[in-house]
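Please examine the sequence and the structure shown below. The paragraphs that follow lead through them step by step, beginning with one set of paired strands.

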Amino acid sequence: MFFHIVLERNMLLHPRHFGPHLRDKLVAKLMKDVEGTCSGRHGFVVAITGVESVGKGMIRDGTGFVSFPVKYQCVVFRPFKGEVLEAVVTMVNKMGFFAEAGPVQIFVSNHLIPDDMEFQSGDIPNYTTSDGAIKIQKDTEVRLKLIGTRLDATEIFCIGTIKEDYLGVINDPGAAV
Amino acid sequence: MSSDKWGNKFPISSGKKYASKPKTVATKGKDTSSSKKGRTVDSDTDSSDYEELPKFSTSSKSGGKASFETPTPTSKAKLNTSVSSKSGGKYSFETSVGKGYSGKGGKAGGKSTVPKATVAKFKVEEELPDNASCLMDCEAADILEGIQGQRTLLSNDPTIKLPGSFDRGLDYATFDRHYTDPQSARRVLEKLKRHNISDSEICLISNVCPETIPEVYALVPSLKTGSVGVEITIKEVLQELAKLKSFN
């Protein structure tokens with residue numbers, strides 16, 4: 001789920017950037033440093049939407065760097081247990097399948113795939129129902145529910161299920177062929 | 001991920017083929033019979049790194065073993081997967097070091113082999129700072145598209161580059177955009193707040209875009225309060241949301 005959130009960070013700026021465009025330099029550095037990062041608490045910082053305030057700079061002893069406390073607004077993406085997401089399958093194997101929802105990777109174990117779906121190996125590995133009506137393969141869009149999340153300093157990894165009501169394939173690219 | 005993957009839009013209301021839609025009890029079926037496969041699913045664990053990863057262990061007929069364990073709060077998260085053959089194979093998806101819960105042939109430390117329902121409160125607000133506000137995917141898509149437009153204008157500075165997660169986030173948000181007018185959808189969904197339905201639950205309903213009350217209850221079980229008032233409001237909201245849906 002996406003969130004709009006206000007975060008704070010101390011930005012270190014080299015004195016060569018001081019001048020009339022100091023704020024611009026600071027914002028540019030903030031974007032470079034923060035966007036695309038991931039924290040366990042907030043999830044992926046997708047984009048900075050605005051800078052609320054830039055505090056007074058403090059010179060760091062022994063270096064010329066100055067630390068500025070910057071308060072900024074950003075859009076973050078963080079998955080939660082119990083959340084229902086629509087994801088695209090990226091890899092299928094006999095253990096289950098991997099899917100991506102935005103920047104997050106989700107693994108769905110074969111134990112959490114409906115029992116009537118069997119793994120079929122071959123050029124395009126997939127899970128298929130016995131009547132062949134429903135197929136999960138690479139690029140299939142599935143609706144899944146997260147049952148667990150692992151939040152690292154740099155990565156978020158989730159475990160999902162499609163073995164519940166109203167979950168499963170929502171768009172099968174193979175069906176159109 | 002390529003953008004065309006997400007660009008493949010579909011009418012959410014019509015094109016769905018839920019693999020497990022008609023079931024009334026999700027986990028009911030041949031798979032849950034422990035006598036046959038000795039499978040145990042248990043998703044009640046608590047950890048700092050893993051919010052709630054399920055522990056489950058499986059043993060196949062021919063003595064195969066599978067375990068899926070969560071770490072102790074102090075243990076470092078680690079994921080290991082190993083597979084051998086399906087019949088006598090060993091599946092392990094472990095996240096802890098040391099002794100874990102790995103059942104064999106349904107012994108599983110005396111625990112019931114019947115899977116527990118993973119019905120839990122969707123408690124997002126507790127885990128986020130006070131200044132965080134949930135966004136519906138369609139709102140996020142609008143914001144991110146605005147940023148993308150601005151950045152294209154400002155792209156004369158090569159040091160400012162949008163990261164990969166931005167593109168993936170934008171693709172996801174636009175793919176998931178069920179409503180053309182996020183403000184109207186938000187206004188309609190705000191009615192649910194009368195019944196103490198949280199922002200995160202409201203956004204979840206918006207993102208999932210359910211069509212019926214059973215679908216709402218299945219996907220957001222925390223709304224299942226049994227109150228008639230809530231149900232009536234949800235029904236009204238679903239009817240109004242149906243009018244706002246975008247079929248692209």
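Strand 6 (residues 84-93) of chain A and strand 12 (residues 141-151) of chain A lie antiparallel and are paired through five bridges. One of these links can be followed residue by residue: A87(A) has V142(A) in strand 12 of chain A as its bridge partner. Strand 6 of chain A also runs antiparallel to strand 7 (residues 96-101) of chain A, and five bridges join the two. Here V88(A) has E100(A) in strand 7 of chain A as its bridge partner. The connection between strand 6 and strand 7 of chain A is a hairpin of two residues. Strand 6 of chain A is mostly covered, with seven of its ten residues buried. As a general point, side chains in a regular strand alternate between the two faces of the sheet.

The model is a predicted one, and it is useful to ask how confident the prediction is. For chain A the average pLDDT is 90, and 97% of the residues reach at least 70. Among the elements of chain A, strand 5 (residues 66-77) has the highest mean pLDDT, 95, while helix 2 (residues 173-176) has the lowest, 57.

The two chains may now be considered as wholes. Chain A contains two helices and 14 strands, whereas chain B contains eight helices and six strands. From the N terminus, chain B begins with two helices, continues with six strands and ends with six helices. Of the 177 residues in chain A, 58% are buried; of the 248 residues in chain B, 46% are buried. In chain A, 61% of the contacts between residues at least 6 apart in sequence join residues at least 24 apart. For chain B, residues 24 or more positions apart account for 63% of the contacts with a separation of 6 or more. The accessible surface is about 6900 Å² for chain A, with 51% belonging to carbon and sulfur atoms, and about 12400 Å² for chain B, with 52% belonging to such atoms.

What lies in the interior? In soluble globular proteins, nonpolar side chains tend to be buried together. The largest nonpolar core in this model has 99 residues, and those with the most contacts inside it include F2(A), F97(A), L144(B) and I234(B). Strand 5 of chain A provides the largest share of this core, eight residues. Beyond its neighbours within four places in sequence, I234(B) is in contact with L192(B), I213(B), V216(B), Y217(B) and L223(B).

Aromatic rings form a further set of links, with eight aromatic pairs found over all chains. The ring centres of F3(A) and F80(A) are 5.7 Å apart and their planes stand at 75°, so this pair is edge-to-face. The pair links distant parts of the chain: F3(A) belongs to strand 1 (residues 2-13) of chain A and F80(A) to the loop between strand 5 and strand 6 of chain A, 77 residues apart. F3(A) is buried, with a relative accessible area of 0%, and F80(A) is buried as well, at 1%. Another pair, F119(A) and Y127(A), is tilted, with 5.3 Å centre to centre and 55° between the planes. F119(A) counts as partly exposed at 23% relative accessibility, whereas Y127(A) counts as buried at 2%. Finally, ring pairs link F2(A), F77(A) and Y172(B) into a cluster.

How values were computed:
Residues are numbered from 1 along each chain as its sequence is written. Chains are lettered from A and ligands numbered from 1 in the order in which they are written. This is a predicted model: local features need pLDDT of at least 70, side-chain atom pairs count only at pLDDT 80 or more; totals for chains, interfaces and linings use all residues. Side-chain values use heavy atoms; hydrogens and water are left out. Helices (H or I, at least four residues) and strands (E, at least two) are DSSP runs, numbered from the N terminus. Buried means under 20% relative accessible area, exposed over 50%, partly exposed in between (1.4 Å probe, protein chains only). Contact means heavy atoms within 4.5 Å. Accessible areas come from the Shrake-Rupley method with a 1.4 Å probe; for residues, only the protein chains shown count as cover. pLDDT is the predictor's confidence in each residue, from 0 to 100. Two strands pair if DSSP finds at least two bridges between them. A nonpolar core is a set of buried Ala, Val, Leu, Ile, Met, Phe, Trp, Tyr and Cys residues joined through side-chain atoms within 4.5 Å. Rings of Phe, Tyr and Trp (its six-membered ring) pair if their centres lie within 6.5 Å; planes under 30 degrees apart count as stacked, over 60 as edge-to-face and the rest as tilted.
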